[in-house]
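Subject: Structure handover, with notes on pockets, cores and a few residues

Hello,

Here is the structure I promised to pass on to you. Please have it open while you read, since my notes follow below it.

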Amino acid sequence: MLRTVSDSLISSPDNELVKRLRRLAAERRPGELLLEGPRVIGQALAAGVRLELLAVREGEEFEFEADRAVILTRGVFRNVAQTEHPQGVVAIGRRGEASFAEALAAARAARWPLVVLDRVQDPGNVGAIARTAAAAGAPALVALEGTADPFGPKAVRASAGHVFSLLVARAGWADLEGLRCLGAGVGGKPVDEVDLAGAEALVLGSEAHGLSRPLELVALPMAPGVESLNVAAAAAVLLYEIRRRRDW
């Protein structure tokens, strides 16, 4: 564990740093990140996230550079860890958030549709979509109102830290005006008949409520008796189909 200040052992759950770590699990300020586990922290660092604080379970050792490092007793660490089987390290990171214009410019430069999430409320789905988008090569993701925070702890874990490989922005429907938006949904044109790679935005909606605006729709073929796919699964198929067509 690389350090810039001396370690200190924290044994009280009422310590202010411990309280801050717990607060971040429920609510974060813009630019502030709660990271848990060596894989997520490593991905964040690789993407340029600065670690303000590294908190390590007593008896563990990690090679991460941070502004400050502390050691938590095992009982206190259980108090701040968010996973069922914590891996011994949590951190507070700092990263500025992208604007919608920056996200759109990145998507256009890469010749990718902007990946847009419309009221996708499950952070696990948000994180899974971010992970797939990064793996497929999409550069940017936009969260519309009602979507779970892509940088919330659960979404970050579900993305395995790969959300930090994307430019992520918040936006409203007004920002999408004038763009060719293609929505994923039941009743749309079959995917083979739609110019996926030519869309400027691919909008993925809530499984429970669908898209909050009417859009040109693309649909995946379904076997009889199956109505729809999980939104993260549908996103994976569509994102890799976009990649396949772009690579032709």
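What follows is a walk through the pockets, the cavity, the nonpolar cores and a few single residues.

Before anything else, please keep in mind that this is a predicted model.

**Pockets**

Let me start with the open spaces. The largest pocket holds about 410 Å³ of space. Its lining is made up of 21 residues, and if you want to centre your view there, the ones nearest the middle are Ala 184, Gly 185, Val 186, Ser 228 and Leu 229. Four elements each bring at least two residues to this lining: strands E11 (181–190), E12 (201–205) and E13 (216–219), together with helix H8 (231–246). Of the elements, E11 gives the most, with four residues. In terms of class, the lining of the largest pocket consists of 13 nonpolar, six polar and two charged residues.

The second largest pocket has a volume of about 150 Å³. It is lined by 14 residues, and Ala 25, Ala 26, Gly 152, Pro 153 and Lys 154 are the closest to its centre. Here the elements that give two or more residues are helix H1 (16–26) and helix H6 (153–158). H6 has the largest share of that lining, with four residues. By class, the lining of the second largest pocket divides into seven nonpolar, two polar and five charged residues.

**The cavity**

How many cavities of 30 Å³ or more are there? The count comes to one, and about 50 Å³ of space lies inside it. You can find this cavity by selecting the residues that line it: Arg 28, Glu 97, Ala 143, Asp 149, Pro 150, Phe 151, Val 168, Ala 169 and Arg 170. Strand E10 (residues 167–171) supplies three of them, the largest share. The cavity lining has five nonpolar and four charged residues, and no polar ones.

**Nonpolar cores**

Now to the packing. The largest nonpolar core has 50 residues. Within that core, Leu 35, Leu 54, Ile 129 and Phe 164 have the most contacts. H8, which we met in the lining of the largest pocket, also gives this core its largest share, seven residues.

Ile 129 is a good place to look at the packing. Setting aside neighbours within four places in sequence, Ile 129 is in contact with Val 115, Leu 117, Leu 141, Leu 204, Val 231, Ala 232, Ala 235 and Leu 239. Another core lies apart from the largest one; it has 18 residues, including Phe 100, Ala 107, Ala 140 and Trp 173.

**Arg 57 and its surroundings**

Is Arg 57, which lies in strand E4 (residues 50–57), buried or exposed? Its relative accessibility is 13%, so Arg 57 counts as buried, the cut-off being under 20%. The side chain of Arg 57 makes a polar contact of 2.9 Å with the side chain of Glu 60. The Arg 57 side chain also reaches the backbone oxygen of Pro 86, at 3.4 Å. If residues up to four places away in sequence are not counted, Arg 57 touches Ile 71, Leu 72, Arg 74, Phe 77, Pro 86, Gln 87 and Gly 88.

While you are in this region, have a look at Gly 75 as well. This glycine lies in helix H3 (residues 74–80) and is partly exposed, with a relative accessible area of 37%. Gly 75 and Arg 57 are 18 residues apart along the chain, and their C-alpha atoms are separated by 9.0 Å.

**Two residues with positive phi**

Most residues other than glycine have a negative phi. Two residues here are worth a look on that account. Arg 111, although not a glycine, has a positive phi of about 60°. Arg 111 is found in the loop between helix H4 (100–109) and strand E8 (114–118). With a relative accessible area of 54%, Arg 111 is exposed.

The other is Ala 160, also not a glycine, with a positive phi of about 55°. Ala 160 has its place in the loop between H6 and E10, the elements noted above for the second largest pocket and the cavity. At 7% relative accessibility, Ala 160 counts as buried, whereas Arg 111 is exposed.

Happy to talk any of this through once you have had a look.

Best wishes

Definitions and conventions
Residues are numbered from 1 along each chain as its sequence is written. This is a predicted model: local features need pLDDT of at least 70, side-chain atom pairs count only at pLDDT 80 or more; totals for chains, interfaces and linings use all residues. Side-chain values use heavy atoms; hydrogens and water are left out. On a 1 Å grid over the protein atoms alone, a cavity is a set of points where a 1.4 Å probe fits but cannot get out, and a pocket is an open set with protein on both sides within 12 Å along at least five of seven lines; lining residues have an atom within 4 Å of a point. Grid points are joined across faces, edges and corners, and a volume is the space filled by probe spheres set on the points. Ala, Val, Leu, Ile, Met, Phe, Trp, Tyr, Cys and Pro count as nonpolar, Asp, Glu, Lys and Arg as charged, and the others, Gly among them, as polar. A nonpolar core is a set of buried Ala, Val, Leu, Ile, Met, Phe, Trp, Tyr and Cys residues joined through side-chain atoms within 4.5 Å. Buried means under 20% relative accessible area, exposed over 50%, partly exposed in between (1.4 Å probe, protein chains only). Contact means heavy atoms within 4.5 Å. A polar contact is a pair of N or O atoms within 3.5 Å; within protein, one must be able to donate a hydrogen and the other to accept it, and residues adjacent in sequence count only if both atoms are side-chain atoms.
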